[in-house]
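Thank you all for coming. I would like to spend a few minutes on the empty spaces in one protein model, and on the ligand, and then finish with a few points about the backbone.

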Amino acid sequence: MIDLPRTVEFDGRKVVMIDQRKLPDELTFFECEDIDCVSFAIRSMVVRGAPAIAAAAAFGLALHSTKVEGDREGLIREMMSAADLLRSTRPTAYNMFWAIDRVLRAIEGARDADDLRERAIREAREIAEEDVRANLSIGEHGKRLINEGSRVMTICNAGSLATVWLGTATAPLYLAKEEGLNFEVYVLETRPVLQGARITSFELRRAGIPVKLIVDGAAGYVISEMGVDLIITGADRILSDGTVFNKIGTYTLSVLAKEHGIPFYVAAPTSTIDPRSSSRDVRIEMRDPEEVITINGRRIAPEGTEVLNPAFDRTPPENITGIITERGVIRKPLDEGIRRVLT
Ligand code: MRU
């Protein structure tokens, strides 16, 4: 279907991740043999995308359980502090917090240290497998939204490289392509980290899907003057009322979609749904000003320029047509649909 390896894997001794900082020039791997390395990989975006960092964190915990000596109680303390370290890496995407809690819950009932290690590894592997299954199912539900000749727009990378494999927003595209449909995708470059330009264009082109890369500021022109049939984005966190936190610029796209009557879909597994938080609880990650002030290491603004670099924004439920999950497409009212898929 797509000829990309899994974004993140655990071979029993190391966590192995595609090094996304190097894309599109090189498809190389980054290997971690301890939890500090995994935490660095998540923070520095060697691995990025909500479901991919969830799997990396879960494998990081599994790896950590194999690295520390001691009895069950000592190991539990170690795992708790590794979990805190991972939680401090990136604050907005919910999946990572969900995955960490899952591994911690799985080890609670362990009989002894060996049983604890086995449980941590089994749970982390299951989290990764579930992600692949969820994406296949998101693809099945979402492909019905794509027609012959569709012009689809997307932002950032909610692709295979943002998940364990296949992607969320891209899964419907890959499955529609498999069925022989022809369509094209407008990809927003997604400043400042350029996940659209570097990563989404890379993986869609690799799958033979025609891409038109545009700068973020061209979205309004393309939508109003050239026509777009469908917008699909990913999500980093979805609240119980249907509010979506996703890559900076997603809110702008949703407003454009509303203004021009274009269906605006969010594709995400149910592990992205945070059933307890309200908007004010969610921390928007503010990233390093260097990301904005430089391009490829070269400064593009006067030295000393003040920068604001929010990595995510908030899209209200009224701007969203539907949420494509592995359990089906949630339509309005989104809050009711979300309650249904979670029960
Ligand atoms: O900062 P990133 O690259 O981790 O942000 C990624 C996104 O915003 C994705 O759209 C989101 O994580 C969904 S990935 C399936």
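When I name a helix or a strand today, I mean a DSSP run, with at least four residues for a helix and at least two for a strand, numbered from the N terminus. Please keep in mind throughout that what you have in front of you is a predicted model.

With that naming in place, let me start with a backbone detail, which is that Met45 sits in the loop between α1, residues 35-43, and α2. The phi angle of Met45 is near 65 degrees, and that is a positive value in a residue other than glycine.

Let me turn to the ligand. There are 19 residues around the ligand, and the ones that come nearest are Arg48, Arg90, Asp236, Asn246 and Lys247. If we look at individual atoms, a polar side-chain atom of Arg48 is 2.8 Å from a ligand oxygen atom, and a polar side-chain atom of Gln195 is likewise placed 2.8 Å from an oxygen atom of the ligand. For Asn246, the distance from a polar side-chain atom to an oxygen atom of the ligand is 2.7 Å. As for how much of the ligand is covered, it has 410 Å² of accessible area on its own, and the protein covers 99% of that.

Now to the enclosed spaces, of which the structure holds two, counting cavities of 30 Å³ or more. The largest cavity contains about 220 Å³ of space, and its lining is made of 24 residues, with Arg48, Gly49, Ala50, Asn157 and Asp236 closest to the centre. You will recognise Arg48 and Asp236 from the list of residues nearest the ligand. Both α2 and β9, the strand at 244-247, supply at least two residues of this lining, and α2 gives the most, with three. Sorted by class, the lining of the largest cavity has twelve nonpolar, seven polar and five charged residues. Where does the largest cavity lie with respect to domain 1 and domain 2? Residues of domain 1, 8-133, and of domain 2, 137-342, both contribute to its lining, so the largest cavity lies between the two domains.

The second largest cavity holds about 50 Å³ of space. Among the residues that line it are Arg191, Pro192, Val193, Gln195, Lys247 and Asn309, and by class the lining has four nonpolar, three polar and four charged residues. Gln195 also has the ligand contact that I described a moment ago.

One of those lining residues, Pro192, deserves a short detour, since the peptide bond from Arg191 to Pro192 is cis, with omega near 5 degrees. Pro192 is found in the loop between β5, residues 184-188, and α7. There is also a cis peptide bond from Leu23 to Pro24, again with omega near 5 degrees, and Pro24 belongs to the loop between β2, at 15-18, and β3, at 29-32.

Pro192 leads us on to the open pockets. The largest pocket has 23 lining residues, and Arg21, Pro192, Val193, Arg198 and Asn296 are the ones nearest its centre. Two or more of the lining residues come from each of α7, at 195-206, α10, at 290-293, and β12, at 294-295. The space in this largest pocket is about 500 Å³, and its lining comprises eight nonpolar, five polar and ten charged residues. Domain 1 and domain 2 both give residues to that lining, so the largest pocket, too, lies between them.

Finally, the second largest pocket, with about 390 Å³ of space, is lined by 22 residues, and Trp98, Arg102, Glu130, Thr270 and Ser271 are closest to its centre. Here α2, at 50-67, α4, at 94-108, and α5, at 113-142, each give two or more residues to the lining. Which of these helices gives the most? The answer is α4, with six residues. This lining has eleven nonpolar, three polar and eight charged residues, and at least three of its residues are drawn from each of the two domains, 8-133 and 137-342.

Notes
Residues are numbered from 1 along each chain as its sequence is written. This is a predicted model: local features need pLDDT of at least 70, side-chain atom pairs count only at pLDDT 80 or more; totals for chains, interfaces and linings use all residues. Side-chain values use heavy atoms; hydrogens and water are left out. On a 1 Å grid over the protein atoms alone, a cavity is a set of points where a 1.4 Å probe fits but cannot get out, and a pocket is an open set with protein on both sides within 12 Å along at least five of seven lines; lining residues have an atom within 4 Å of a point. Grid points are joined across faces, edges and corners, and a volume is the space filled by probe spheres set on the points. Ala, Val, Leu, Ile, Met, Phe, Trp, Tyr, Cys and Pro count as nonpolar, Asp, Glu, Lys and Arg as charged, and the others, Gly among them, as polar. Domain bounds come from an automatic or database domain assignment. A residue is near a molecule or strand if one of its heavy atoms lies within 4 Å of it. A polar contact is a pair of N or O atoms within 3.5 Å; within protein, one must be able to donate a hydrogen and the other to accept it, and residues adjacent in sequence count only if both atoms are side-chain atoms. Accessible areas come from the Shrake-Rupley method with a 1.4 Å probe; for residues, only the protein chains shown count as cover.
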